[in-house]
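Visitor: I should like to understand how the labels attached to this structure are justified. Could you take me through the reasoning, value by value?

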Amino acid sequence: MIQHSEIERLALYSKLKNAEILFAGNQKLRIYGRLDCASGKRMLKNNRVFFSSEAEALALQYRPCGHCMKSAYLKWKNATT
């Protein structure tokens with residue numbers, strides 16, 4: 001997990017270009033989603049974290065976004081209820 005506030009802009013762009021970062025998440029809400037998610041783009045920089053894989057986000061107890069990852073979210077929701 002990489003915090004957005006702790007990574008330099010050029011390093012971030014490099015990781016995005018090389019596909020080392022595939023998902024972003026909200027540290028306070030513990031939600032992760034795709035990088036192109038409209039909800040995620042509105043998130044504050046101090047709350048944003050990046051993940052290299054979906055497995056990494058799930059291992060850190062983050063849940064899928066209900067907007068950009070509907071099927072993964074419904075699977076998570078059904079498993080927790």
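Guide: Let us begin with a pair of cysteines. In this predicted model, the cysteine sulfur closest to that of Cys-37 belongs to Cys-68, and the two are 3.6 Å apart, which is too far for a bond.

Visitor: How do you know that Cys-68 is in no disulfide?

Guide: A disulfide requires two cysteine sulfur atoms within 2.5 Å. For Cys-68 the nearest cysteine sulfur is that of Cys-37, at 3.6 Å, and Cys-68 is in no disulfide. A search of the whole structure likewise finds zero disulfides.

Visitor: Are these two cysteines, Cys-37 and Cys-68, buried or exposed?

Guide: The term "buried" applies under 20% relative accessible area. Cys-37 has 6% and is therefore buried. Cys-68 has 13% and is therefore buried.

Visitor: What makes Leu-10 count as exposed?

Guide: The label "exposed" is given over 50% relative accessible area. Leu-10 has 69%, so it is exposed. Leu-10 is found in helix H1, residues 9-17.

Visitor: Which residues make the nonpolar surface patch that includes Leu-10?

Guide: The patch is made by Leu-10, Tyr-13, Leu-16 and Leu-35, and its area is about 400 Å². Membership requires over 30% relative accessible area; Leu-10, at 69%, therefore meets that condition.

Visitor: Why is the contact between Glu-20 and Lys-15 called a salt bridge?

Guide: The criterion is a side-chain nitrogen of Lys or Arg within 4 Å of a carboxyl oxygen of Asp or Glu. Between Glu-20 and Lys-15 the N to O distance is 3.3 Å, so the contact is a salt bridge. Glu-20 is partly exposed, with a relative accessible area of 40%, and Lys-15 is partly exposed at 26%.

Visitor: How many salt bridges does the structure hold?

Guide: The structure holds two. Besides the contact just described, Asp-36 forms a salt bridge with Arg-34. The closest N and O atoms of Asp-36 and Arg-34 are 3.0 Å apart, which satisfies the 4 Å limit. Asp-36 has a relative accessible area of 46% and is partly exposed; Arg-34 is partly exposed as well, at 41%.

Visitor: What is the order of the strands in the open sheet?

Guide: The five strands of the sheet follow the order S1-S4-S2-S3-S5, and the pairing is mixed.

Visitor: Why are S1 and S5 called edge strands?

Guide: Strand S1 (2-3) and strand S5 (63-64) each pair on one side only.

Visitor: How do you know that S1 and S4 pair?

Guide: At least two bridges are needed for two strands to pair. S1 and strand S4, residues 48-51, have two bridges, so they pair, in the antiparallel sense. Within this pairing, Gln-3 has Val-49 of S4 as its bridge partner. S4 also runs antiparallel to strand S2, residues 23-26, with four bridges joining them. There, Phe-23 stands opposite Phe-51 in S4.

Visitor: What makes both faces of S4 covered?

Guide: Arg-48 and Phe-50 lie on one side of S4, Val-49 and Phe-51 lie on the other, and all of these are buried.

Visitor: What makes the phi of Ala-19 and of Arg-30 worth a remark?

Guide: Most residues other than glycine have a negative phi. Ala-19, although not a glycine, has a positive phi of about 60°. Arg-30 is also a residue other than glycine, and its positive phi is near 60°. Ala-19 is found in the loop between H1 and S2, while Arg-30 is found in the loop between S2 and strand S3 (31-34).

Visitor: Why is Ala-19 called partly exposed?

Guide: "Partly exposed" covers values between the 20% and 50% limits. Ala-19 is at 46% relative accessibility, so the term applies. Arg-30, at 34%, also counts as partly exposed.

Visitor: Which feature does UniProt place at residues 21-68?

Guide: The unreviewed UniProt entry places "domain: Ada DNA repair metal-binding" there. Such annotations may be inferred rather than shown by experiment. In the model, the end C-alpha atoms of residues 21-68 lie 16 Å apart, and the span is 21% helix and 29% strand.

Conventions
Residues numbered from 1 in each chain as written. Predicted model: local features only at pLDDT ≥ 70, side-chain atom pairs only at ≥ 80, totals over all residues. Heavy atoms only, no water. Patch = residues over 30% accessible without salt bridge, like charges linked within 9 Å, V, L, I, M, F, W, Y side chains within 5 Å. Areas by Shrake-Rupley, 256 points an atom, 1.4 Å probe, with all protein chains shown as cover. Buried < 20%, exposed > 50% of the residue type's maximum accessible area, 1.4 Å probe, protein only.
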